[in-house]
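Biologist: I'm new to this one, so could you take me through a single part of it closely? I'd like to hear about the charged side chains and whatever sits around them.

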Amino acid sequence: MLTDEQWAVLGPLVEACRPPAKVPPSNLRRTISAIIWRHQNGAKWRALPEEFGPWWMAAQTFIRWSRLGVWERLLGMAQARGIELGMAFLDGTSIRAHQKAAGAAGKDAVAAQRGAGEALGRSRGGYGTKACVIADSAGRAVAFALAPGQAHELPHAVPLLARLPGVPMWVVADRGYSSHAFREHVWDVGARPAIPTRRDEAPVACPAPFYNNRNRVERLWARLKEWRAVATRYEKTAASFLGVLQLAATLD
């Protein structure tokens with residue numbers, strides 16, 4: 001269960017961003033605790049301990065709030081304390097999907113199209129999802145993007161950069177984001193790129209004092225993947241898995 005100290009911080013944010021209801025929820029703290037417990041431990045919804053109340057209440061709340069964008073708003077409210085934009089870090093990670101993550105409902109699309117729409121696909125690492133993040137100077141997640149496991153990270157760089165509340169001084173990323181067009185875009189928005197080149201490209205300056213800080217976003221992924229539902233995707237829909245990432249980032 002959430003401690004009194006934790007709920008004193010998280011509770012007002014949840015109350016501010018939850019959907020309006022005719023009858024205010026009477027066990028909101030218990031329901032949020034159940035949602036967090038389930039995703040931290042990677043358990044089935046039906047395996048929730050009795051102290052968390054009916055499992056279906058927590059499951060329905062999480063799925064509905066994911067569809068309504070509540071977890072995204074919650075992350076945004078947590079960021080109101082301040083985002084540090086001296087540097088912004090871009091990084092992506094491959095997340096294996098459990099076999100139960102397949103099979104999202106969809107009547108008007110074939111299985112392959114439905115899988116791509118839910119950010120599921122097959123790469124050399126197996127069936128999974130590519131999760132991309134943009135983080136601030138302190139290594140805190142600002143926004144996420146999802147793609148099928150075989151997709152490249154670069155197409156998501158510009159949209160993620162646009163999610164920042166301002167213009168960073170430096171944009172730091174690994175070789176996966178090496179692109180002349182993307183570097184030009186970074187310069188155009190008023191920032192400076194610190195992105196090393198690939199072997200088949202002409203050398204471009206990548207200041208080591210800034211690039212060496214990229215471990216901050218790698219440590220971010222390490223913290224988020226302590227949640228078992230982040231390290232392995234169990235959610236059938238992209239909206240629900242994105243909700244897991246946003247909730248984990250909020251608590252981080």
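How many salt bridges does the structure hold?

Modeller: Keep in mind that this is a predicted model. The structure holds eleven salt bridges, and a good place to zoom in is Arg-214, which has several of them. One partner is Asp-91, with the closest N and O atoms 3.7 Å apart. That pair ties together distant parts of the chain, since Asp-91 belongs to strand E1 while Arg-214 is in the loop between H8 and H9, 123 residues apart. Arg-214 also forms a salt bridge with Asp-174, at 3.7 Å from N to O. Here too distant parts of the chain are linked: Asp-174 sits in the loop between strand E5 (170–172) and helix H7 (180–189), 40 residues from Arg-214. Then there's Glu-218, whose side chain meets that of Arg-214 at 2.6 Å, N to O.

Buried or exposed? Arg-214 counts as buried because its relative accessibility is 12%, under the 20% cut-off. Asp-91 is buried as well, and so is Asp-174, with a relative accessible area of 17%. Glu-218, at 39% relative accessibility, counts as partly exposed. Through shared partners, the salt bridges join Asp-91, Asp-174, Arg-214 and Glu-218 into one network.

Now look next door. Asn-213 is in the loop between helix H8 (208–211) and H9, and it's buried, with a relative accessible area of 17%. Asn-213 touches Met-87 and Phe-89, leaving out residues up to four places away in sequence. Its C-alpha atom is 8.8 Å from that of Ser-137, though the two are 76 residues apart along the chain.

Follow the chain into helix H9 (residues 215–224) and you'll find Val-217, Leu-220, Trp-221 and Leu-224 buried. These four lie on the same side of H9, because they cover an arc of only 95° around the axis. The buried residues of H9 pack against strand E1 (87–97), strand E3 (126–135), E4, helix H10 (228–231) and helix H11 (238–251).

Back to Asp-91 for one last stop: among the contacts of Glu-153 are Asp-91, Gly-92 and Lys-130. Glu-153 is in the loop between strand E4 (141–148) and helix H6 (157–162). Glu-153 is buried yet has no salt bridge, and the nearest side chain of opposite charge, Lys-130, is 4.1 Å away. A salt bridge needs the nitrogen within 4 Å of a carboxyl oxygen, so that pair doesn't count. A polar atom of the Glu-153 side chain does lie 3.5 Å from the backbone nitrogen of Gly-92.

Conventions
Residues numbered from 1 in each chain as written. Predicted model: local features only at pLDDT ≥ 70, side-chain atom pairs only at ≥ 80, totals over all residues. Heavy atoms only, no water. Helix = DSSP H or I, 4+ residues; strand = E, 2+ residues; numbered from the N terminus. Buried < 20%, exposed > 50% of the residue type's maximum accessible area, 1.4 Å probe, protein only. Lys, Arg positive; Asp, Glu negative; His and termini not counted. Polar contact = N/O pair within 3.5 Å; in protein donor to acceptor, adjacent residues only side chain to side chain. Contact = heavy atoms within 4.5 Å. Arc of directions from axis to C-beta.
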